[in-house]
Amino acid sequence: MRRGTEGAQGPGDGGGNLMLSAWRNLTAQQRRDAKTGYLALSPWMVGFVVFYAFPIIATIYFSFNEWTLAEPPTWVGLDNYVRMFTRDPLFVSSLKATTLFVIISLPTKLVLGLMLALLLNLKIPGMNAFRTIFFIPAVISGVAVSLMWIWFLNPDTGVVNTLLSYFGIRGPLWFWDLHWALPSVAIMSIWKVGGAAIIYLAGLQNIPAHLYEAAEIDGASKWSRFWRITLPLLTPTLFFQLIIELIDAFKIFTEAYVITHGGPLKATYFFLYYFYEEAFRNANMGYASALALFLLVVIMGCTVFVVRTSKGWVYYEN
Amino acid sequence: MRIDPARLSASEQLRRSARQRRARKLVGHAIIYAVMITLACVFMLPIFWMASTSLKLPRELMAWPPEWIPSNPQWGNYAEAFGKYPLARYMLNSAILVIANIIGALLSVPVIAYGFARFNFPFKNVLFILMLSMMMVPGHIKLIPLYVLYLRLGLIDTYWPLILPAYFGSPFFIFLMTQFMRTIPRELDDAARIDGAGAWGILYRIIIPLCRPALTVVVVFTFLWTWNDFLEPIIFLRDYESFPISVGLAFFQGRYSIEWHLFMGATLVSIIPILVVYFFAQRHLIGGLAAIGIKG
């Protein structure tokens with residue numbers, strides 16, 4: 001109550017008073033502690049201002065300007081946003097490509113990751129070696145992965161089309177086919193499913209064994225044990241995984257840069273790649289800032305949506 | 001000696017059912033192994049194909065049907081790749097960036113986490129939540145202002161933009177380290193304090209030595225992320241001599257017609273440091289990921 005009235009005095013003023021009164025209530029020992037605490041945090045506070053607060057605020061400001069770096073920025077109000085939403089075909093195609101990629105890769109990765117984790121959780125000798133193998137694709141760099149997949153999916157001599165030809169099937173052109181380019185990138189990203197599986201695995205191993213023992217005594221089948229115990233208790237992990245993968249999927253970039261250059265015919269012109277070209281090839285810093293902010297809002301919006309709905313499906317013990 | 005026929009059949013039945021169970025378990029294991037091995041082969045196929053290609057002769061690249069394992073492995077391809085592309089230079093550049101980032105993380109993260117884990121001060125929770133929310137902010141939002149800032153400071157085309165942030169603590173590592181420090185009993189601090197240690201003495205003599213698992217996670221992740229980083233180096237670096245390995249490989253792929261047998265060798269070499277670090281540290285890596293997964 002009191003804090004509320006103090007806050008109402010005005011933002012800067014109220015904050016100062018709040019801080020002072022909080023400080024005055026401390027004993028000498030507490031003040032010494034607080035000073036050490038602030039000192040320990042000081043690198044992060046400087047970093048926060050320089051690497052987070054300043055860039056985010058500056059991006060918002062730039063997004064209302066036209067600016068090519070050659071001359072100082074000129075204020076154009078909402079022009080960048082109007083252009084983005086009403087007359088920018090590249091914005092539409094990049095949004096379409098990115099959304100399609102998220103829709104294909106995200107659910108597939110979540111489901112396959114869980115299935116792989118269930119396999120890796122089986123108690124048989126030598127399982128650690130398999131865990132090591134399946135996690136490898138998730139630790140190597142996006143560039144190296146992209147390069148090896150260019151060669152792997154080569155339409156003439158690549159492994160996949162060679163194997164298909166053994167069955168008399170003529171494989172598609174993969175990255176060089178208008179309809180197959182985006183699914184190819186999605187397949188590449190699904191290849192990294194081991195990263196998700198490892199996190200699920202940690203969640204699985206955290207489920208207390210006595211629950212399964214009790215269910216077994218009650219005569220529950222394996223199937224119902226999965227749906228009644230495993231899945232509900234895994235929802236916090238699933239929730240975490242969903243958010244991480246969602247943010248990650250929207251930020252797809254390297255594959256477009258290295259393999260497809262956004263083609264063919266903008267089929268893989270992902271949003272971040274568009275942003276990169278606008279900012280660092282065309283030097284349209286104002287418009288690119290607006291694009292960057294739009295992507296941030298989309299990612300934040302999706303995250304908030306997932307968090308909001310999580311109360312309905314995420315199970316918490318306490 | 002008379003044997004009760006009923007008892008015999010009972011024990012025989014028991015033995016039989018035990019044998020059946022063992023057989024079923026064996027079959028089950030065989031099926032699991034078959035599935036796992038098939039899956040593992042499918043997953044390793046792109047890497048296998050890269051390794052196989054790197055040992056071929058140029059004319060074998062387009063041969064049909066392709067040779068899965070080159071009958072005449074050309075180990076000399078690797079020497080040729082190192083001669084043709086400045087691979088050693090690029091790997092050295094990556095190594096410099098990795099070391100500078102690891103030093104930065106080790107200097108900053110434990111100190112900041114110590115502040116969060118051990119001291120009470122006004123607005124601590126607000127600051128902690130602020131830090132956590134920065135974990136969710138996608139990095140691309142900061143690129144334009146930072147690029148302009150570095151341009152004004154004359155830091156474009158130097159390693160500073162790729163190194164400096166590590167010295168101010170990454171939120172992800174600070175969170176990880178704070179959670180870990182909270183599990184260290186405060187009695188140890190108190191004992192050291194009675195022995196006359198100050199706040200910083202406690203950190204460096206008591207807490208940091210106990211944080212080795214968390215520090216390992218910080219070092220390994222910093223290694224992997226710095227080695228694999230692509231977006232920031234292509235923005236902040238221009239001179240191709242200064243490229244890290246990820247950018248260097250993409251640079252050559254984009255500009256020259258590729259001799260794939262050499263290039264696949266180069267790509268394979270570029271991931272070897274990652275694989276080595278991964279194999280040695282996987283236990284910590286998975287443990288670290290797991291800790292985050294559960295807490296998140």
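Of the 296 residues in chain B, 37% are buried in this predicted model. To count as buried, a residue needs 20 or more other C-beta atoms within 10 Å of its own. Keep that idea in mind as we walk through the chain.

What is chain B built from? Chain B contains 14 helices and zero strands, so it is no surprise to find an α at every step as you read its elements from the N terminus. The radius of gyration of chain B is 28 Å, while the globule rule gives 19 Å for 296 residues, so chain B is more spread out than a compact globule. You can picture its extent with a box along the principal axes: the C-alpha atoms fill roughly 100 × 70 × 35 Å.

Now look at who meets whom. Among contacts in chain B with a separation of 6 or more, 75% join residues that are 24 or more positions apart.

Next comes the nonpolar interior. The largest nonpolar core holds 148 residues, and the ones with the most contacts inside it are Ala197(A), Phe275(A) and Met177(B). Helix 4 of chain B, residues 87-118, supplies the largest share of this core, with twelve residues. Which residues does Met177(B) touch, leaving out those up to four places away in sequence? They are Val109(B), Pro110(B), Ala113(B), Cys211(B), Ala214(B) and Val218(B).

Finally, turn to chain A. Chain A is divided into domain 1, residues 2-62, and domain 2, residues 82-313. The C-alpha centres of these two domains of chain A lie 39 Å apart.

Methods: Residues numbered from 1 in each chain as written. Chains lettered and ligands numbered in written order. Predicted model: local features only at pLDDT ≥ 70, side-chain atom pairs only at ≥ 80, totals over all residues. Domains from an automatic or database assignment. Helix = DSSP H or I, 4+ residues; strand = E, 2+ residues; numbered from the N terminus. Rg over C-alpha atoms; globule rule 2.2 N^0.38 Å. Buried ≥ 20, exposed ≤ 12 C-beta atoms within 10 Å, placed from the backbone. Contact = placed C-beta atoms within 7 Å. Core = buried A, V, L, I, M, F, W, Y, C linked by C-beta atoms within 7 Å.
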